[in-house]
Amino acid sequence: MSQSKLTDRFGRTVNYVRLSVTDRCDFRCVYCMAEEMTFLPRQQVLTLEEIARVAKTFVSLGTEKIRLTGGEPLVRKDILELVREIGTYGLRDFAMTTNGSQLPTMAEPLHKAGLKRLNISLDSLDPEKFANITRTGKLSRVLDGIDAAKEAGFKGIKLNTVVMKGGNDHEVPDLIEFARRKNVDITFIEEMPLGEISEHDRGQSLCSSDEVRSIIRRHHELNPTPEDSGGPARYYRMPDSTIKVGFISPHSHNFCSTCNRVRVTVEGRLLLCLGNEHSVDLRRVLRGHPVTDDKLRQTIIDSMDLKPERHHFSSNGDVQILRFMNMTGG
Ligand code: SAM
Ligand code: SF4
């Protein structure tokens with residue numbers, strides 16, 4: 001295992017990078033995108049080769065875990081080539097977050113290309129509700145995608161559910177039963193105030209992790225475990241199941257003190273914190289120094305000084321960050 005060379009002013013070691021590979025998506029989830037979105041022009045988007053250079057440079061600096069995200073990573077053309085390339089870097093963990101819609105055909109090639117883990121977003125098991133939340137998504141495709149991922153041999157599949165009060169909070173028990181039946185982990189996420197949205201009032205729709213736990217406890221014993229992925233999720237287990245139940249609670253728990261991650265947007269902006277605007281333009285460096293990665297390496301090392309101590313999300317529904325989640329790489 002290589003020692004990370006990326007440490008910030010607060011002594012936190014960064015060894016996890018989330019790379020957004022596209023801002024585009026085949027869904028328009030109400031908490032993530034506006035119905036009408038303008039996507040980036042092609043020349044502003046990193047090429048797959050540039051994304052691979054960024055990934056490789058982070059790995060040379062001790063990164064052990066990479067997650068590909070978006071937008072929807074599986075709508076990026078030739079994504080399998082990038083997965084195959086990063087798959088050769090010897091990472092401890094190589095994961096992707098996806099909405100699952102392309103998995104019926106892509107799960108097996110992804111697994112063969114070296115991807116190790118999948119997080120699949122699933123906010124509802126009701127086809128109509130699912131269509132309302134995603135605006136353009138079809139539940140049956142995603143359910144087929146989950147099965148395809150299991151059949152392809154992916155271990156450690158995790159479902160991600162953003163819980164909205166009055167939206168899908170009543171489905172928490174069904175989602176838990178589904179995860180238990182499929183033997184996949186599930187993480188419930190509090191909605192974060194990223195990007196301006198019109199469909200619902202975030203202050204009203206926020207459903208805290210405490211509330212989600214008390215819903216689950218009406219049906220199951222749920223015990224905290226000290227398991228830790230080095231990230232924001234806190235994990236719980238049920239005595240009669242092997243699955244882990246995670247909670248990501250940016251409002252009710254501050255997870256900044258153990259933050260080990262940075263993000264790179266598809267425009268090559270290195271974001272030091274999900275909840276702050278601090279960033280460094282890696283695209284300029286990539287394109288200004290096309291032959292060697294020395295400058296890129298130094299820029300990444302220097303950027304650690306910009307990592308803020310913490311974020312400040314409030315729960316009144318105000319937008320605090322103007323980026324949409326599809327731009328950030330959730
Ligand atoms: N398209 C892929 C997907 O949906 O899984 C990957 C990108 S998506 C931005 C990553 C994750 O962010 C998804 O699980 C999504 O539910 C979550 N997400 C998007 N907007 C969010 C918000 N405002 N608050 C909390 N989670 C959000
Ligand atoms: Fe697309 Fe994922 Fe955002 Fe939904 S959450 S609109 S699937 S990027």
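In this predicted model, a polar backbone atom of G71 sits 3.0 Å from a nitrogen atom of ligand 1. That's a handy place to start looking at the two ligands, and the helix pairs come after.

G71 has company around ligand 1. The ligand is surrounded by 19 residues, and the closest of them are Y31, G71, T98, S121 and M192. For Y31, an N or O atom in the side chain lies 3.1 Å from an oxygen atom of ligand 1. N160 joins in too: an N or O atom of its side chain is 3.5 Å from an oxygen atom of the ligand. So much for ligand 1; next comes ligand 2.

G71 turns up again here, since the residues surrounding ligand 2 are C25, F27, R28, C29, C32, M33, G71 and N99. Sorted by character, this shell has five nonpolar residues, two polar ones and one charged one.

Now for the helices. Two packed helices are described by the angle between their axes and the distance between the axes. Take helix 1, which covers residues 48-60, and helix 2, which covers residues 79-86: their axes come within 10 Å and cross at roughly 20°. Angles under 35 degrees count as roughly parallel, so helix 1 and helix 2 are roughly parallel to each other. The crossing of helix 1 past helix 2 is right-handed. On the helix 1 side, the residues that meet helix 2 are L48, I51, A52, A55 and K56, and their partners in helix 2 are L82, E85 and I86. Of the residues in this contact, six are nonpolar, two are charged and none is polar.

The other pair is helix 6 (residues 172-182) and helix 8 (residues 209-217). Here the axes come within 9 Å and cross at roughly 70°. Angles of 65 to 115 degrees count as roughly perpendicular, and therefore helix 6 and helix 8 are roughly perpendicular to each other. Helix 6 also passes helix 8 in a right-handed crossing. Where the two touch, helix 6 brings V172, P173 and I176, while helix 8 brings V212, I215 and I216. This contact is made up of six nonpolar residues, with no polar and no charged ones.

Technical notes
Residues numbered from 1 in each chain as written. Chains lettered and ligands numbered in written order. Predicted model: local features only at pLDDT ≥ 70, side-chain atom pairs only at ≥ 80, totals over all residues. Heavy atoms only, no water. Axes fitted to C-alpha atoms, helices over the stretch in contact; angles between N-to-C directions. Helix = DSSP H or I, 4+ residues; strand = E, 2+ residues; numbered from the N terminus. Parallel < 35°, antiparallel > 145°, perpendicular 65-115°, else oblique. Left-handed = near helix turned anticlockwise from the far one by under 90°. Contact = heavy atoms within 4.5 Å. Nonpolar A, V, L, I, M, F, W, Y, C, P; charged D, E, K, R; others polar. Near = heavy atom within 4 Å. Polar contact = N/O pair within 3.5 Å; in protein donor to acceptor, adjacent residues only side chain to side chain.
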